[in-house]
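Trainee: Please take a close look at a single part of this model, the place where the two domains meet. What holds there, in terms of contacts, buried area and the residues involved?

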Amino acid sequence: MLISNRIRNTKMSAIRKLTPFAKEAKQKGLKVYHMNIGQPDIDTPEEYFEGLKNYHKKVLGYEPSEGIDELRSAFSNFLGKNNIDYSPEEIYVTNGGSEGLLFSFLMICDEGDEILVPEPYYSNYNTIANSCGVKLVSFETFIEDGFHIKSKESIEKVITSKTKAILYSNPSNPTGVVYSIKELQMIADVAHENNLYIISDEVYRELVYDGIKYESIFSIEKIREHLILIDSLSKRYSVCGSRVGMIATKNKNLREEIVKLCQSRLSTSSVEQYSALNLLKIPTSYIENIRDIYQERRDVVCGILGKIDGVKIYKPEGAFYLIASLPVDDAEDFCKWLLTDFNINNETVMFAPAEGFYMNNEVGKSQIRLSYCISVKDLEKALHILKEGLRSYNNKN
Ligand SMILES: Cc1ncc(COP(=O)(O)O)c(C=O)c1O
């Protein structure tokens, strides 16, 4: 029996590619610091667990496919605080931001259609695109520019008759770049002039550092009908396992269609939706504290990396990731070697080779993507292992 080309041609997650080697290292008794994955280590707020405890329905039934009214209203209020105005009826609850992305691709693309994305990009975009028969087409951004978008022309250059949308995450996974209003204006102009949708993935919205004021592309009025907004509670509230996200759009045609997709999976989790309501009541000071924790970690990571010979970085402005260029020819081989052949006092570190975040794999070949979702103390130890590992690896080669 045959397997579909769509799924056969889909690559394994770049973030988890080296997981079997990490598992072996742990079986050998090593401690592995995980700087490969964006899994926040911060405790899930008590309010979430209170929500779970207070859920006392006698039957765990299906909920409305679009999401429970209370949560759609709570999301609407939450976005409103960021000057992003969607009514509850314009918001649909999804199984994480991931399902919102899947629904977006399914709604706007036929097989073979294209979506533009700044490169490097969140590698799951590719996985989701492949499973929908959609082709991602990238426009390059560069480490020297801190991965900011160079020009409007750099986007226009890759438009074809099959292009349906521009997709990006802001702040970005994997680069941590936060797009300025000037860059968002470029995206908005290109989308407006070429009649394209914009899929704005804002799951890291509050994680913006150095007092930078976050701008959502929502603030640009002329593209409101083009815009599909993706959001999720996973990262900001440390509830990745709860799977609550949303998709919002003002576009009436899309709203008519999205309901069909919501109905195809009947409902999202009832318990999780009620618990999520509790999270959205938490004062904004909670997220500000979280932001300060990540900003401190970013500073520690950049401080240490900046002093390692041959390592090239920039200062990311948001999220909890950055891409670093290493003085090695093959970062994947180096990352694997760290897990199989290197340790300091029985400890080693795991990174994601950056190749998987690029369409043009050559560019990312000597780069890694790091996440700083572990404590400052652990970051210091993990990056010391990186520094010594680089020395030892390059002496050996
Ligand atoms: C940029 C970006 N978008 C969306 C997601 C999806 O997250 P979730 O499905 O947990 O909401 C992630 C998760 O890492 C991400 O980094």
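Mentor: In this predicted model, 18 residue pairs, both members at pLDDT 80 or more, are in polar contact across the interface of domain 1 and domain 2. On the side of domain 1 that touches domain 2, the elements giving two or more residues are helix H11 (285–306), strand E9 (321–325) and strand E12 (367–371). H11 provides the largest share of that side, with seven residues. Sorted by character, the residues on this side of domain 1 comprise 21 nonpolar, ten polar and eight charged.

Salt bridges are a separate count: the rule finds two across the interface of domain 1 and domain 2. The side chains of Lys-312 and Glu-144 form a salt bridge, with 3.2 Å from N to O. By the domain assignment, domain 1 consists of 5–43 + 285–396, while domain 2 covers 46–279. Lys-312 therefore falls in domain 1 and Glu-144 in domain 2, given these assigned bounds.

As for extent, 39 residues of domain 1 contact 41 residues of domain 2. The two domains bury about 3,300 Å² between them, and 58% of this area lies on carbon and sulfur atoms. Of the area that domain 1 buries against domain 2, Ile-287, Glu-317 and Met-359 supply 22%, more than any other three residues. Ile-287 lies within the range of helix H11 (285–306). Taken over C-alpha atoms, the centres of domain 1 and domain 2 are 26 Å apart.

How values were computed. Residues are numbered from 1 along each chain as its sequence is written. This is a predicted model: local features need pLDDT of at least 70, side-chain atom pairs count only at pLDDT 80 or more; totals for chains, interfaces and linings use all residues. Side-chain values use heavy atoms; hydrogens and water are left out. Contact means heavy atoms within 4.5 Å. Buried area is the accessible area (1.4 Å probe) that two parts lose on being put together, summed over both. A salt bridge is a side-chain nitrogen of Lys or Arg within 4 Å of a carboxyl oxygen of Asp or Glu. A polar contact is a pair of N or O atoms within 3.5 Å; within protein, one must be able to donate a hydrogen and the other to accept it, and residues adjacent in sequence count only if both atoms are side-chain atoms. Helices (H or I, at least four residues) and strands (E, at least two) are DSSP runs, numbered from the N terminus. Ala, Val, Leu, Ile, Met, Phe, Trp, Tyr, Cys and Pro count as nonpolar, Asp, Glu, Lys and Arg as charged, and the others, Gly among them, as polar.
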